[in-house]
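Reader: Got a minute to go through this one with me? I'd like to start with the strands and then move on to the helices.

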Amino acid sequence: MHVDGSAITQTELGPYRIRERIGRGGMSQVYLAERCDGRFEQSVAIKVFEPHLTNMVGKAMLYWEAQLLAKLNHPNIANVLDANETDSSVFLVIEHVNGQSLTQWLTTNPSKSAKLTLFYDITDAIHHAHAQGVFHGDLKPENILVDENGDAKVIDFSIATHDARYTDLHIYSADYASPTQKQTGKVDASSDIYALGKIFHKLFPSHQHNSEWQWVYHKCTQPSAFQYFRIAELKSDIKALQHNKPIEHPDANALYRCRKLLKRRPLASA
């Protein structure tokens with residue numbers, strides 16, 4: 001198979017038949033494909049890295065990155081199933097998610113509870129990735145798909161995030177990238193936490209006048225020294241919001257905690 005910079009030029013790639021191109025970025029193209037060797041039926045997404053990227057970082061680096069991504073095993077992350085190469089590049093075989101982007105999902109007017117659950121699951125997925133030493137680097141609504149069951153799937157992790165030589169390769173979206181990432185190209189836990197804060201704001205724009213919801217947003221998007229130190233802390237606050245429990249913020253006084261308790265256990269009317 002050959003990659004000519006705009007599209008692949010043949011219809012089969014190993015045991016897979018290419019059906020159509022479903023995405024394209026600065027460093028790769030993504031195709032919907034189906035298994036065609038007769039062993040079993042399976043639809044997958046195939047991500048083909050552009051030849052100039054392969055020439056820059058080398059196939060060995062791309063295989064190493066693919067191995068890192070393949071270690072991620074979380075229900076809210078699209079699984080990397082395999083990696084192989086063409087005559088000019090490397091490609092990943094990835095779980096195909098039949099769903100819509102987070103932005104499209106929001107047009108269906110999901111409930112606050114559904115949005116909190118979805119955001120918690122996204123946060124848990126990124127927490128899992130960080131525990132494996134993997135950072136996303138380009139979290140945004142287009143890289144979060146919601147399937148027919150209403151479950152989130154995080155897709156399109158950045159590559160070469162561990163090597164300072166390749167910071168120019170780290171594609172990001174200006175609306176969701178932290179100031180540090182924009183200035184230096186560096187991808188780390190704090191850049192993902194910042195992006196999660198921006199996604200939280202997109203999910204709950206009308207709640208930002210509420211001090212505790214505003215606190216979560218600002219705690220995510222502060223400079224790294226003042227951010228959530230770990231994603232586990234953000235998860236704890238989201239879980240508290242889900243269950244009307246107090247979060248840890250400067251206004252968490254006795255009156256605030258009492259109000260949260262009354263929401264959970266309202267007094268019986270006389």
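Reader: Is strand S6 mostly covered or mostly open?

Author: Mostly covered. This is a predicted model, and in it five of the six residues of S6 (residues 90-95) are buried.

Reader: Which way does strand S4 run relative to S6, and how many bridges join them?

Author: S4 (residues 43-49) runs antiparallel to S6, and five bridges join the two. As a landmark, look for lysine 47, which stands opposite leucine 92 in S6.

Reader: And what about S5 and S6, how many bridges there?

Author: Five bridges join S5 (residues 80-85) to S6, and that pair runs antiparallel. Aspartate 82 has valine 93 in S6 as its bridge partner.

Reader: What joins S5 to S6 along the chain?

Author: A hairpin, through four residues.

Reader: OK, switching to the sheet with S8. What's the strand order there?

Author: The order is S7-S8-S9, an open sheet of three strands with antiparallel pairing. Strand S7 (99-101) and strand S9 (152-154) are at the edges with a single partner strand each, so one side of each has no neighbour in the sheet. From one strand to the next, the twist averages 35 degrees.

Reader: How many bridges between S8 and S9?

Author: Three, with S8 (residues 144-147) and S9 pairing in the antiparallel sense. Leucine 145 is the residue that stands opposite lysine 153 in S9.

Reader: Which strands does H4 lie across?

Author: H4 lies across S8 and S9, and it runs at about 30 degrees to S9.

Reader: Let's stay with H4. At what angle does it cross H6?

Author: Roughly 170 degrees, with the axes of H4 (residues 112-131) and H6 (residues 189-203) coming within 11 Å. Angles over 145 count as roughly antiparallel, and H4 and H6 are therefore roughly antiparallel to each other.

Reader: Which residues meet there?

Author: From H4 you have Lys115, Phe119, Ile122, Thr123, Ile126 and His130, and they meet Ala189, Asp192, Leu196, Ile199, Phe200 and Leu203 in H6. By class, that contact has eight nonpolar, two polar and two charged residues.

Reader: New topic: backbone oddities. Which residue has a positive phi of about 55 degrees although it is not a glycine?

Author: That's asparagine 109, with phi at about 55 degrees. For context, most residues other than glycine have a negative phi.

Reader: Where is asparagine 109 found, and is it buried or exposed?

Author: Asparagine 109 sits in the loop between helix H3 (102-106) and H4. Its relative accessible area is 68%, so asparagine 109 is exposed.

Reader: And what's the phi of aspartate 156?

Author: Near 60 degrees, which is positive in a residue other than glycine. Aspartate 156 is in the loop between S9 and helix H5 (179-184). With a relative accessible area of 36%, aspartate 156 is partly exposed.

Reader: Last bit, the whole chain. How many helices and strands does it have?

Author: Nine helices and nine strands. Of the 270 residues in the chain, 47% are buried.

Reader: What share of the contacts with a separation of 6 or more comes from residues 24 or more positions apart?

Author: 55% of them in this chain.

Reader: And what does the accessible surface come to?

Author: About 13600 Å² for the chain, with 49% of that belonging to carbon and sulfur atoms.

Methods
Residues numbered from 1 in each chain as written. Predicted model: local features only at pLDDT ≥ 70, side-chain atom pairs only at ≥ 80, totals over all residues. Heavy atoms only, no water. Axes fitted to C-alpha atoms, helices over the stretch in contact; angles between N-to-C directions. Parallel < 35°, antiparallel > 145°, perpendicular 65-115°, else oblique. Contact = heavy atoms within 4.5 Å. Nonpolar A, V, L, I, M, F, W, Y, C, P; charged D, E, K, R; others polar. Buried < 20%, exposed > 50% of the residue type's maximum accessible area, 1.4 Å probe, protein only. Areas by Shrake-Rupley, 256 points an atom, 1.4 Å probe, with all protein chains shown as cover. Pairing = 2+ DSSP bridges.
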